[in-house]
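Trainee: I am new to this structure and would like a close look at a single part of it. Please take one strand pairing as the way in, and then show how the rest is arranged around it.

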Amino acid sequence: LTQPQFVQLMETFVGQDSSLPTVKSLVAFIKEEYKQTEEEKMEQLEKCHRVSRAAQRKLLLEALFEKWDSNGHGFLDLEEVDAVLSRFMGGMKKEALMKAKARLCSQYPQLSRVEKVSPKALQTFLELIASEFSGNEDETIDNLVQFLTTSVEQSHRESLQSLTRRKWLQDIEQAAETGGASMESVYKAVFKAISQDAEAHGGSKKISAYIALLEENQLSAEQGRVLLRYVACTADDAPYVLNQALHRDMKGISFAAVDEGKPIHVPRVQLHGNIHFWNSDRPVEERKGSLLVLPLYDARWRVFGILGLDTLRDQCEKTIFLTHDIIFYQGVSHAFSKAYHHICTRENVLQMAVSALGWLYPRTPSIHTVVMYLVEPGKDKVLCKMITTDNTGQKEIHSSPALLLREENLLRDYLFRCTDSLEVALTPVRGEQHIAVPLHDLSGQALGIFDISIGHHKKLPPQEQKDLQKMLKMVQAACLEILWRSLEETEPTYVLEAERVANVRHPGFLFHRFMLQDLRECV
């Protein structure tokens with residue numbers, strides 16, 4: 001038990017109305033009676049050592065990956081890593097390296113197609129290499145990390161540039177994690193990073209930028225099965241670009257970037273002949289500049305859209321994107337992809353929760369209201385009020401969620417204690433009994449909280465309590481499935497036919513799928 005969990009357990013044991021002498025008596029009893037055997041002590045020490053070692057290795061590998069990935073791409077080139085590792089120990093362990101690489105490619109099938117190594121894949125690769133060596137595995141990994149770390153050299157100027165750019169990329173990801181996680185804040189962070197970099201490292205080029213996402217073409221199938229919808233762009237381009245749809249039969253190189261899965265750079269658009277100009281009012285003699293289109297990838301390395309940049313608004317002579325510019329913009333596209341899918345995952349969790357509450361309410365008339373909060377990451381946890389429902393079945397998903405801070409909401413401290421301990425908390429608030437139930441993520445941290453009010457009841461009737469517990473169990477299982485799908489680099493498994501037909505809306509079906517599976521197991 002962690003300290004918050006232990007406190008929560010003791011508070012639940014003594015009950016809400018216990019006197020101070022009763023609590024003191026329990027504390028004295030625990031102090032007197034709790035004894036730790038030597039075996040338990042050694043087991044705890046060994047566990048602490050394993051946890052400490054795992055945390056230390058994680059930090060080492062993160063630092064190694066960051067040094068190699070100095071531009072924030074989010075991936076490394078497999079062949080480059082392989083070429084450096086082939087020189088480890090003077091090239092004496094090439095056979096072990098080949099075996100480890102083969103095992104890595106069997107675990108990550110997409111590597112044979114894209115040859116990009118994620119942080120998780122890099123750790124797996126080093127562990128596989130170490131397992132092929134004789135001797136202590138931890139020592140081998142330490143030696144591999146040290147060898148790879150010293151293989152990368154950066155000048156002082158490159159190091160400073162990398163640090164500055166990393167900060168801008170982190171701002172994009174942070175925009176997705178705070179303030180209710182709206183896409184608008186992410187778009188703003190993307191365009192701000194691009195403009196800041198142009199001013200600091202790009203010769204103050206005037207850059208137009210835009211994001212287009214693939215969507216199904218439902219109106220004109222003869223123009224192609226999918227289209228690119230421009231969902232965001234820099235302010236000056238909004239009248240011409242925003243909400244426009246690019247079809248396959250129109251001029252442009254964006255679909256080539258989508259199909260090839262690689263950036264396409266046109267240094268001089270006036271010489272290309274296949275560029276689509278959204279601003280038809282721009283004179284032909286001003287249609288000069290450089291164009292760059294970068295594909296956007298999801299976790300399974302599928303392209304879901306493009307990030308486009310051009311310098312058509314810049315009338316200077318030197319408007320071509322340089323190699324270091326293109327490398328940074330690849331980092332921007334990766335940061336945007338992470339931010340975009342973070343928000344999509346949160347929305348999927350909310351959709352699933354709405355389905356669950358729709359199932360619950362007809363079965364539990366004693367429940368007055370349920371409020372669902374999502375937890376923002378950070379040392380001082382912030383709660384975002386996302387869903388409110390009442391016993392009439394009315395639901396409201398808050399597009400501008402209220403933010404709860406611990407120091408400003410003393411009456412709702414039970415919610416923050418619930419996030420600390422990841423245990424259910426029972427608390428009377430202004431005469432109403434509240435049940436706070438945590439929802440945890442894949443790492444065991446608090447992701448969200450259900451704040452359930454049962455009015456003046458001390459507890460729910462047995463059948464309603466049973467239905468509530470079943471709903472919460474299925475919600476947690478469905479939530480972990482959603483989070484796993486957002487990270488997994490293999491295709492998800494669908495159980496219900498409805499999930500296949502309505503893949504975009506699958507979170508709405510996921511809760512009912514888990515309920516059905518649970519029912520099958522009980523029959």
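Mentor: Begin with Tyr210, which stands opposite Gly308 in β8. The model is a predicted one, and this pairing is a place to enter it. Tyr210 also has a partner in β4, where its bridge is to Cys233.

The strands behind these pairs can now be named. Strand β3 covers residues 208-216 and is joined to strand β8, residues 303-310, by 6 bridges, with the two running antiparallel. With strand β4, residues 226-233, β3 pairs over 7 bridges, again in the antiparallel sense. From β4 the pairing carries on to β5: 2 bridges join them, and they run antiparallel. In that pair, Arg229 stands opposite Ala245 of β5.

Taken together, these strands belong to an open sheet of 6 strands, whose order is β5-β4-β3-β8-β7-β6 with antiparallel pairing. The edges are β5 (245-246) and β6 (264-266), each of which pairs on one side only. Between β6 and β7 (291-297) runs a loop, and Pro283 is located in that loop. Pro283 counts as partly exposed because its relative accessibility is 32%. As a marker of distance, the C-alpha atom of Pro283 is separated by 47 Å from that of Gln351, a residue 68 positions away along the chain.

Next, the setting of this sheet. The domain assignment divides the chain into domain 1 (3-34), domain 2 (40-151), domain 3 (203-321) and domain 4 (343-522). The C-alpha centres of domain 2 and domain 3 are 38 Å apart. In total the chain has 17 helices and 15 strands, and its C-alpha trace spans about 85 × 60 × 50 Å along the principal axes.

One of the helices is α8, residues 137-150, and Thr140 has its place there. Thr140 counts as buried because its relative accessibility is 9%, below the cut-off of 20%. Leaving aside residues up to four places away in sequence, Thr140 touches Ala130 and Phe133. Another helix is α9, residues 156-177, which holds Ser159. Ser159 has a relative accessibility of 27%, so Ser159 is counted as partly exposed. Ser159 and Leu483 lie 324 residues apart in sequence, with 34 Å between their C-alpha atoms.

A further group of strands is worth following: β13, β14 and β15. Strand β13 takes in residues 425-429, and its side chains alternate. Ala425, Thr427 and Val429 point to one face and are buried, while Leu426 and Pro428 point to the other face and are not. Strand β14, residues 432-440, runs antiparallel to β13 and is joined to it by 5 bridges. One residue of the unburied face, Pro428, has Gln433 as its bridge partner in β14. The hairpin of β13 and β14 has 2 residues between the strands, and in this hairpin Arg430 takes a positive phi near 50°.

On leaving that hairpin, consider β14 itself. Because 7 of its 9 residues are buried, β14 is largely enclosed by the rest of the structure. β14 also pairs with strand β15, residues 446-453, through 7 bridges, and these two run antiparallel. His440 stands opposite Ala446 of β15. A hairpin is formed here too, with 5 residues between β14 and β15, and Gly444 in its turn has a positive phi of about 85°.

Some totals for the whole chain complete the view. Of its 523 residues, 46% count as buried. Among contacts with a separation of 6 or more, 60% are between residues 24 or more positions apart. The accessible surface of the chain comes to about 28,600 Å², and carbon and sulfur atoms hold 53% of that surface. The chain has 61 positive and 71 negative charges, and the mean positions of the two sets are 1 Å apart.

To return to the starting point, Tyr210 faces Gly308 in β8 and is bridged to Cys233 in β4. In the strand order given above, β3 sits between β4 and β8.

Definitions and conventions
Residues numbered from 1 in each chain as written. Predicted model: local features only at pLDDT ≥ 70, side-chain atom pairs only at ≥ 80, totals over all residues. Heavy atoms only, no water. Domains from an automatic or database assignment. Helix = DSSP H or I, 4+ residues; strand = E, 2+ residues; numbered from the N terminus. Buried < 20%, exposed > 50% of the residue type's maximum accessible area, 1.4 Å probe, protein only. Contact = heavy atoms within 4.5 Å. Areas by Shrake-Rupley, 256 points an atom, 1.4 Å probe, with all protein chains shown as cover. Lys, Arg positive; Asp, Glu negative; His and termini not counted. Charge placed at Lys NZ, Arg CZ, Asp CG, Glu CD. Pairing = 2+ DSSP bridges.
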